[in-house]
Amino acid sequence: MKKLIKINIYLLLFTLFSPSIAQTDVYKEINSGILPYGNEFKSWEKPTKYSHTYYVDASAPNASDQNPGTEEQPFRTINQAAKVLQAGERVLIAGGIYRESIHPVNGGESPEKMIKYQAMEGEKVIVKGSVVVPQHFFQPSYGWHTSHAKHYPADNMLAGENIWMVELDSFAFHGYNPFGMLNLMQDQEWLNYKKVNMKPHFKKRGLVFVNGKLLEQVLRPIELSDNKEGAYYAEHHGLRIHIRFPDGVTPEDAEVEITIKEQVFAPKKYGLAYIHIDGIHFMHTGNGFPVPQRGMVSASRGNHWIIENCIVEWANSLGVDLGNEMWHTTVEPVLGHHIFRANEIKNCGIAGLEGMRGKDYLIEDNLFEYIGWHDAELGFESGAIKLHLSENTLIRRNIFRNIVYAPGIWLDYMASQNCRITQNVFTGITSARGGVYIEVSRRQIRIDHNIFHDIHSQYWISGDYGAGGSALYTDGSDSILFDHNFILDIENTGYGSYANAARIVKGRGGTERYQRVTDNIFINTEKHAIEFPNEHNFSDRNVFASMGTGYLKLTNPQPSLLLDIDAWRDYYGWEEEGVYIRGGIKSELNSEELILSVENEELSDDAGPLKYYKSSMNIDPRKNIK
């Protein structure tokens, strides 16, 4: 009976992630919509029959914002449609590049009377918060950069160097000049100047792209000379930039784009509801580091939005915000209830999606990658997803890939109540916080049927604990269910936790009790498979393979105990049905193609359900939607 239970556990995992397997009875038993309290996540979404359709087509010869917005006489800008749309109406947008900010004036009234912004079928609609710099704006740079090389005495231009400057006074910044503003967040309560690398915080918000490639920003003009891949420097007043073009590229043969917007889709009025965005590609904003959370696309403290089939990329800071922006602000009466589905969030400097105080989020079938490149993780607002005070949230079937200086998911400050993280893939993450990080949160959360692979530490946090390089790390939290996960090649710990008893939240410190770690596969977790801070937790039916010594850790009471499965059973009664594989296991995961293969070197009686992993399988959860 014991072996049968184990086989079913792994057949469950295998069937979940392999599209070649039919929907067996085991597969049907997995209901990703059931939240930890036992209630079903119920979506409010309903079909909308639109009473009127406007049209936008900037490339049409007769396009004008003075037009009525019909198919024959379309608007030129999307923002013109945003001014006139009423509840129950939509706008269809023709393909093209729209360099503008969209500020909806009105929201919808109900699921049946939403306002929709939709790309025409088959059309590529790109909205950019950048402008192209005309070639005649470039002039040889002088007066600001010197080096040990000889320079022209007349104009101080470095001999043979490809450095040019652009005066910015001619650009229409409309009161927001990102090249004159620092990245530094507004509320610096948690920013430790003595420990943090402050360079990213002191850089300007403006971005420069040459032929679509983001150039590096330098803080000193002398650093331009040696950067063969290209770089730029913004003068202190923000009205002139100096660009060192990549070797072999000049202003005459390049398209240079600079960001001039903070956001490209954001109502100016707080609290608009029932807005639907479908199929739009948003790019290029120069927003500042959170908090406040001001994304390239922002619900502006609204509720009941649907954002789907969109691409959001190259935000200097944050891609999307769907919450209340920050903590010390007036809270809108209704927040959250958003659906964020089938989007690609890429190349955002700090975070992909953030939400403050929002409830009932559905975040599903998205790709998050190349997040956090600013290296400002110790500003404590990073993450492909970062939520505060979230309840009843379902995060399922997403891919978190190639992320540096940010965790995959960070649930912070009472953000775990009745939430579920299920059927996601986390691969190629280098962070001080791990794949998933749960901070000072209570009430039940379930993290199940996920794959964690190739998680590394940016650096070890000073103090008594280190979260980086872990699949899941919990900090001052309790009541966490961690089950049916596949954990492979983890630099630190598969399941790690820290009591943080001294941090007072809602009247008490952390306890790290009532954690249940069951039915998982741990392969090559280099430090520990499981780390419990005390005896008030539980683990069973896990499989451990390719482990070092002391792979099960109990931190308190001191001294910490580094144990194996036999001692774990004898001393605490845990892992009565657990399996330890003494032989090696070959396992690989191709992060780009999302192909997982697991092969046993030594099959034996205790190998159990790992025999189901002898063939390669596609683990892209977006292809296995029921």
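Student: How many salt bridges does the structure hold?
Tutor: Happy to start there. This is a predicted model, and the count is a computed one. The number of salt bridges in the structure is 33.

Student: Take K213 and E229: which is exposed and which is partly exposed?
Tutor: The two form a salt bridge, with their closest N and O atoms 3.2 Å apart. K213 sits in strand 10 and E229 in the loop between strand 11 and strand 12, 16 residues apart. Since exposed means over 50% relative accessible area, K213 at 41% counts as partly exposed. E229, at 52%, counts as exposed.

Student: How many residues apart in sequence are the parts tied together by R503 and E439?
Tutor: Their side chains meet in a salt bridge of 2.3 Å, N to O. E439 counts as buried because its relative accessibility is 10%, while R503, at 23%, counts as partly exposed. R503 lies in the loop between strand 38 and strand 39 and E439 in strand 32, so the parts tied together are apart in sequence by 64 residues.

Student: And where do R569 and D566 lie?
Tutor: This salt bridge has its closest N and O atoms 3.7 Å apart. R569 is partly exposed at 23%, and D566 is partly exposed at 36%. The two are three residues apart, about one turn, and both lie in helix 5.

Student: Which strands stand at the edges of the open sheet with the order 7-8-13-12-11?
Tutor: Five strands form this sheet, and the pairing is mixed. Strand 11 pairs with strand 12 in the parallel sense over two bridges, with E216 opposite A231. An edge strand has a single partner, so one side of it is left without a neighbour in the sheet; that describes strand 7 and strand 11.

Student: Is G238 buried or exposed, and how far is it from G180 in space?
Tutor: G238 is placed in the loop between strand 12 and strand 13. Its relative accessibility is 0%, so G238 counts as buried. Its contacts include L168, F179, G180 and K204. G238 and G180 are 58 residues apart in sequence, yet their C-alpha atoms are separated in space by 3.7 Å.

Student: How many residues does the largest nonpolar core have?
Tutor: Y117, I277, F282 and I530 are the residues with the most contacts inside this core. I277, for one, is in contact with residues including Y117, F265, F282 and W305. Another core, of 28 residues, lies apart from it, with V166 and I243 among them. The size of the largest core is 84 residues.

Conventions. Residues are numbered from 1 along each chain as its sequence is written. This is a predicted model: local features need pLDDT of at least 70, side-chain atom pairs count only at pLDDT 80 or more; totals for chains, interfaces and linings use all residues. Side-chain values use heavy atoms; hydrogens and water are left out. Two strands pair if DSSP finds at least two bridges between them. Helices (H or I, at least four residues) and strands (E, at least two) are DSSP runs, numbered from the N terminus. Buried means under 20% relative accessible area, exposed over 50%, partly exposed in between (1.4 Å probe, protein chains only). Contact means heavy atoms within 4.5 Å. A nonpolar core is a set of buried Ala, Val, Leu, Ile, Met, Phe, Trp, Tyr and Cys residues joined through side-chain atoms within 4.5 Å. A salt bridge is a side-chain nitrogen of Lys or Arg within 4 Å of a carboxyl oxygen of Asp or Glu. Lists of a residue's contacts leave out its neighbours within four places in sequence.
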